[in-house]
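Hello,

Here is the structure you asked about. My notes on the cysteines and on one helix follow below.

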Amino acid sequence: MKRYTLSSSPLCEQKRKIRSQKLGQIEELTEQYIRESDETIFNKLLGLDELTKADTVFLYHSVGREVSTVKLIESMLKSGKHVSLPVSGENGTMEFYPFGSLSELSPGKFGIPEPPATRPVRPKADDVIIVPALCCDKRGHRLGHGAGYYDRYLAMNKCFSICLCRKALLEDRLPTEDTDIAVSLVLTD
């Protein structure tokens with residue numbers, strides 16, 4: 001069984017420091033800012049042509065102080081879109097599974113709500129995948145929690161990708177490695 005280990009390279013150490021700083025910044029954001037940011041991002045998302053034209057929307061279920069996706073999930077399901085959420089697997093892999101209602105979700109590997117692992121679906125070229133991040137830069141690079149789930153998934157699945165990032169957490173430039181996959185669009189409040 002392959003295990004992923006944390007590198008001690010200077011670049012990885014730099015990323016760990018930024019992660020720590022961003023986690024502190026996230027905790028300092030006011031509830032009012034978070035609510036307003038969530039609403040602005042939600043409204044901007046609904047106006048995107050790529051989202052309107054997509055047959056299937058690949059989302060994440062937000063937790064904690066991440067940009068909220070619950071309202072978006074409900075909106076997409078209500079509009080008749082196919083919606084899929086990730087299920088974390090072994091060795092840093094994940095697959096997306098369809099579902100029809102938030103009531104079908106249950107806590108998964110990391111306590112994040114997941115759909116039942118029935119039949120995995122893959123994005124087609126005209127689908128949209130919306131990915132989480134602690135922060136992003138203006139070039140489309142994102143910094144997550146460091147496990148690389150989304151980078152591996154994006155590297156294998158080509159479709160329009162959107163990262164939701166609060167403007168207060170947006171950076172000009174993040175350190176990147178060859179394995180870091182930039183998204184098509186960073187959407188902020």
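**Cysteines**

The structure contains 0 disulfides, a disulfide being a pair of cysteine sulfur atoms within 2.5 Å. This is a predicted model, in which local features need pLDDT of at least 70, side-chain atom pairs count only at pLDDT 80 or more, and totals for chains, interfaces and linings use all residues. Residues are numbered from 1 along each chain as its sequence is written, and side-chain values use heavy atoms, with hydrogens and water left out.

For Cys136, the closest cysteine sulfur is that of Cys163, and at 3.1 Å it is too far for a bond. Cys136 is also buried, at 0% relative accessibility (buried means under 20% relative accessible area, exposed over 50%, partly exposed in between; 1.4 Å probe, protein chains only). The sulfur of Cys165 has its closest cysteine sulfur in Cys136, at 4.3 Å, again too far for a bond. Cys165 counts as buried at 3%.

**Helix H1**

H1 covers residues 10-28, 19 in number. Helices (H or I, at least four residues) and strands (E, at least two) are DSSP runs, numbered from the N terminus. From first C-alpha to last, H1 reaches 27 Å, close to the 27 Å expected at 1.5 Å a residue (1.5 Å times one less than the number of residues).

Its buried residues are Cys12, Lys15, Ile18, Arg19, Lys22 and Ile26. Seen down the axis of H1, they fall within an arc of 115°, so they line one face of the helix; the arc is that of the directions from the helix axis to the C-beta atoms. These buried residues pack against strands E7 (135-136) and E8 (142-143), with contact meaning heavy atoms within 4.5 Å. Exposed on the other side of H1 are Pro10, Lys17, Gln21, Glu27 and Glu28.

Regards
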